[in-house]
Amino acid sequence: MTPDETPDTSREPASGVYYALAALVGAVAGFFGTLFHLLTDKAGTWPSLLLPHLDGPVLYLALAGVSAAMVTLSVALVRAFAPEAAGSGVQEIEGALEGLRILRWKRVLPVKFVAGVLALGSGLVAGREGPTIHMGASVAKAVSDAFRLGTRDGRGLLAAGAAAGLAAAFNAPLAAILFVIEETRRQFPYGLRTYSAVIICSAAGAVATQMIAGTGPDMRLDVAEVPLLWLPAFLVLGAILGALGVAFNRALVAALDGARALAVTVSPYLLPVLVGAAIGPLLILRPEATSGGELLAVSLPGMGLPALTLAGIVVIRFTMTMASYSTGIPGGIFAPILALATAVGVLFGTLLDVAFHLPPGLVAALGVAAMGGLFSATVRAPLVGMVLVAELTGSYDLLVPVIFTCVTANLVAEALGGKPIYEVLLERTLRLAGTPVRPPHEDAPPAGEAIGGWDERERRPQP
């Protein structure tokens, strides 16, 4: 029996009640997610308070000091009250859906919110979607505990809350639903009740978000249709992104391992201080190297930057993503992946334009398609990548090129031995916690007794 199961007191409410609970969770998760978004945006304006009063070296020292203090305080809150709130939180939810991790919502929810505002407001290269997904699941766990839901209903509502959190982060309810279907394919307890709850919860989260922050794509980009003649370019881009996605995942884990070694041998606060101090001045000197990158992704395709500058942005975004995530703050990787991918796509298009003189708008189209491609290669959820790009940018005319890019990136990542990043992070979390992970083919329950999952590959004995 796993710690989150309560067979003596659990109950199964009527379907109507369960759906009402899903709507409640979605609305509350949407409120928290949108409030988090607004507060992080507001917190990120703090450099403007210093600019009128300071200049020169004193300004940069002040920027470094404030940013370092915000990052360090964020890490301190996480370490003191909720260590599991570090990072994205998606792997914690997947672990909870498998019964391998306990979601302690009473401490995760406030720590993820406050520490997340500090971390993202400091300028670190991290996304808001990780915290909102974790907070959405925490809201679901609170409701599940209050109504003493059974294991299956409770885990279904947990996944639904996570979907609502993602819907609130990007105003992308359909991508949020598909995220549960594709990302938690091994853990989600599929059934009419639970599946419907995910849809209801995600829609309610989107409604709450739109009531507070308005409607429309979160990262609108107007891109022209792509002539069919140029579709092979998206296949090549997908192959490049597939290799980059594998490198991204391995570099992220290596950065986490390096940060842990530094924390054990020196201090857990040395890296947060150093990264925060580096980020502060960059907010003024190189703003493209800071923050989640949503604004960068929107503006980059139309800036007409030279290839060398774009290559520099790619390198610095990649490096700062690794450094920021490894500090141990609450923050996601969706937004950094999208910004990095856009820079790679625009760089590829710029180089291609030198050789072939691309038609107008194709460079921007490559930048948009790259978002889905790198997402597919790292998260290994190509269907989510396709829909997320469409909902985020409103570029529905690019669906076919995006599909080409996402599928190619996913296949190349698979061929190179890449694994889904959240699966890798969960395995790492369990290993560090000393939790044994049973291989899927050992002692597996009969198919009729399995709580969740539909990925047959995970249910078959592996050679």
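# Getting to know a predicted helical model

Colleague: Let's start with E427: at 34% relative accessibility, how does it count: buried, partly exposed or exposed?
Modeller: Keep in mind that this is a predicted model. Buried means under 20% relative accessible area and exposed means over 50%. With 34%, E427 falls between those limits, so it counts as partly exposed.

Colleague: And which residues are joined with E427 into one network by salt bridges that share partners?
Modeller: E427 meets K419 in a salt bridge, with N and O 3.1 Å apart. K419 has 36% relative accessibility, so this residue counts as partly exposed. Through shared salt-bridge partners, E427 is joined into one network with R186, K419 and E423.

Colleague: Thanks! Stepping back, what does the secondary structure of the protein chain come to?
Modeller: Happy to zoom out: the C-alpha trace spans about 65 × 55 × 45 Å along its principal axes. As for secondary structure, the protein chain has zero strands, and its helices come to 19.

Colleague: What radius of gyration does the protein chain have, set against a compact globule with 463 residues?
Modeller: A compact globule with 463 residues would have a radius of gyration near 23 Å. The value for the protein chain agrees with that, and it is 21 Å.

Colleague: What share of the contacts between residues at least 6 apart in sequence joins residues at least 24 apart?
Modeller: A contact here is a pair of residues with heavy atoms within 4.5 Å. Take the contacts in the protein chain between residues at least 6 apart in sequence. The share that joins residues at least 24 apart is 84%.

Colleague: How much of the area that the protein chain exposes do carbon and sulfur atoms supply?
Modeller: For background, 56% of the 463 residues count as buried. The protein chain exposes about 18400 Å². Of that area, carbon and sulfur atoms supply 67%.

Colleague: How far apart do the centres of the positive and negative side chains lie?
Modeller: There are 29 positive and 33 negative side chains in the protein chain. Each set has its own centre, and the distance between the two centres is 6 Å.

Colleague: R107 forms a salt bridge with which residue?
Modeller: The structure holds 11 salt bridges. One of them has R107 in helix 5 (residues 105-121) and its partner in the loop between helix 3 (56-81) and helix 4 (90-97), so it ties together parts that are 23 residues apart in sequence. R107 counts as partly exposed at 30% relative accessibility, while the partner is buried at 9%. The closest N and O atoms are 3.1 Å apart, and the partner is E84.

Colleague: Which residue meets R193 in a salt bridge?
Modeller: The N to O distance in this salt bridge of R193 is 2.7 Å. R193 lies in helix 9 (residues 192-213) and its partner in helix 7 (residues 151-170), so the pair ties together parts that are 40 residues apart in sequence. R193 is buried with a relative accessible area of 16%, and the partner counts as buried at 7%. That partner is D153.

Colleague: How far apart in space are R152 and P189, C-alpha to C-alpha?
Modeller: R152 also belongs to helix 7, and it counts as partly exposed at 37% relative accessibility. In sequence, R152 and P189 are 37 residues apart. In space, their C-alpha atoms are separated by 6.3 Å.

Colleague: Is T342 buried or exposed?
Modeller: T342 lies in helix 14 (residues 334-356). Leaving aside residues up to four places away in sequence, T342 touches A297, L300, P301, G367 and M371. Its relative accessible area is 0%, so T342 is buried.

Colleague: Where is H357, a residue with a positive phi of about 55° although it is not a glycine, found?
Modeller: Most residues other than glycine have a negative phi. H357 instead has a positive phi of about 55°, and it is exposed with a relative accessible area of 64%. H357 is found in the loop between helix 14 and helix 15 (362-379).

Colleague: What value is the phi of N171 near?
Modeller: N171 sits in the loop between helix 7 and helix 8 (173-183). At 10% relative accessibility, N171 counts as buried. Its phi is positive in a residue other than glycine, and the value is near 55°.

Methods:
Residues numbered from 1 in each chain as written. Predicted model: local features only at pLDDT ≥ 70, side-chain atom pairs only at ≥ 80, totals over all residues. Heavy atoms only, no water. Helix = DSSP H or I, 4+ residues; strand = E, 2+ residues; numbered from the N terminus. Rg over C-alpha atoms; globule rule 2.2 N^0.38 Å. Buried < 20%, exposed > 50% of the residue type's maximum accessible area, 1.4 Å probe, protein only. Areas by Shrake-Rupley, 256 points an atom, 1.4 Å probe, with all protein chains shown as cover. Lys, Arg positive; Asp, Glu negative; His and termini not counted. Charge placed at Lys NZ, Arg CZ, Asp CG, Glu CD. Salt bridge = Lys/Arg side-chain N within 4 Å of Asp/Glu carboxyl O.
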